[in-house]
Amino acid sequence: MQLLDGTACSQQIRQEIAVEVKAIVAAGKRPPHLAAVLVGDDGASQNYVKMKVRDCEEVGFGSTTIRMDASSTETELLAKVEKLNRDEAIDGFIVQLPLPPQINENNVILAINPKKDVDGFCPANIGNLSLGLPTFVSATPNGIMELLKRYNIETEGKHCVVLGRSNIVGTPIAVLMSRDTNPGNATVTLAHSRTKNLKELCVSADILIVAIGKTEFVTAEMVKEGAVVIDVGQTRVPDSTRKSGFRNVGDVDFELVKNKCSFITFVTGGVGPMTRASLLQNTLKAYQRR
Ligand code: NAP
């Protein structure tokens with residue numbers, strides 16, 4: 001079994017980006033700039049945004065965090081989005097999800113200028129992804145593809161089972177894995193909560209990508225000997241032995257599954273850092289396209 005090291009891979013990507021930013025600045029131009037809108041005080045969201053800002057600093061990007069009260073209205077948030085759409089100094093921005101219940105996420109996503117949608121959530125970018133046209137691929141699926149590429153994992157002709165059909169992970173990764181690219185060219189099955197015979201399906205997978213948010217759902221008997229397993233799941237569970245009071249648990253029972261796999265990611269240092277690195281890649285792309 002080989003661990004797919006998202007921390008090391010993402011570090012490599014950040015170094016590559018930092019070199020490009022240095023060249024941009026040396027040419028007398030301003031560096032790329034990412035903005036993040038954070039509504040409310042959800043602990044996980046605050047942490048994600050903090051890490052994204054730190055990543056920007058590391059590669060030499062400018063960054064702006066816009067904090068809004070948990071009681072903010074949809075109209076107020078849409079006004080901020082519109083301002084960012086027009087701001088010449090901002091190349092890309094994200095609105096950290098989830099949003100408070102009084103705000104309709106779809107309305108917000110629809111309001112983002114697709115050219116600045118570095119999360120790749122807008123219909124235009126998702127449409128382009130489906131058509132194989134230039135786009136911003138959403139960060140997590142992009143990070144998974146990058147991980148497969150950098151570890152030279154053979155995907156052509158393989159059976160790839162994706163568990164979970166969310167718009168931000170499951171559906172786009174299923175599209176990417178089935179496209180005529182490398183990595184890609186896999187035969188993809190997209191499974192969800194209504195799928196029958198899930199265990200049999202999983203056991204037939206050469207590549208199993210799990211994004212359902214159910215802790216340790218995938219057990220050893222669901223995994224084929226020699227399979228590649230990508231665990232996207234990240235659920236906070238209380239843990240009094242930790243300073244933070246919680247730990248992250250994946251969708252795969254790592255200890256039981258790891259010895260059956262050729263390659264596997266762990267909940268920590270796996271897909272998460274790759275997601276963050278992909279956001280930087282998309283921001284650089286947004287800058288270059290302008
Ligand atoms: P989501 O929107 O919560 O959707 C979950 C999906 O899983 C749905 O399609 C659901 O099916 C399916 N599902 C739920 N229970 C199932 C079951 N028992 N069997 C088969 N399918 C089942 O998912 P998400 O936003 O993609 O997030 C999934 C997990 O990935 C979460 O733990 C999240 O925190 C994590 N995540 C991690 C990163 C990262 O960077 N590491 C990024 C994004 C998400 P239905 O459609 O039928 O309801």
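**Notebook: surface patches and one sheet**

I looked at the surface and found that Met1, Leu3 and Phe266 form a nonpolar patch with about 270 Å² of accessible area together. A patch takes residues with over 30% relative accessible area and no salt bridge, and joins nonpolar side chains (Val, Leu, Ile, Met, Phe, Trp, Tyr) within 5 Å and like charges within 9 Å. A salt bridge is a side-chain nitrogen of Lys or Arg within 4 Å of a carboxyl oxygen of Asp or Glu. Areas come from the Shrake-Rupley method with a 1.4 Å probe, and for residues only the protein chains shown count as cover.

I noted that this is a predicted model, where local features need pLDDT of at least 70, side-chain atom pairs count only at pLDDT 80 or more, and totals for chains, interfaces and linings use all residues. Residues are numbered from 1 along each chain as its sequence is written, and side-chain values use heavy atoms, without hydrogens and water.

Next I turned to the sheet. Six strands make an open, parallel sheet in the order β1-β11-β8-β7-β5-β6. Strands (E, at least two residues) are DSSP runs numbered from the N terminus, and two of them pair if DSSP finds at least two bridges between them. β1 and β6 (187-191) stand at the edges with a single partner strand each, so one side of each lacks a neighbour in the sheet.

Back at Leu3, I saw that its bridge partner in β11 is Ile264.

Which residues cover the faces of β7? I found Ile207 and Ile209 on one side and Leu208 and Val210 on the other, all buried (under 20% relative accessible area). Val162 stands opposite Ile209, while Val210 has Asp231 in β8 as its bridge partner.

Note on methods. Helices (H or I, at least four residues) and strands (E, at least two) are DSSP runs, numbered from the N terminus. Buried means under 20% relative accessible area, exposed over 50%, partly exposed in between (1.4 Å probe, protein chains only).
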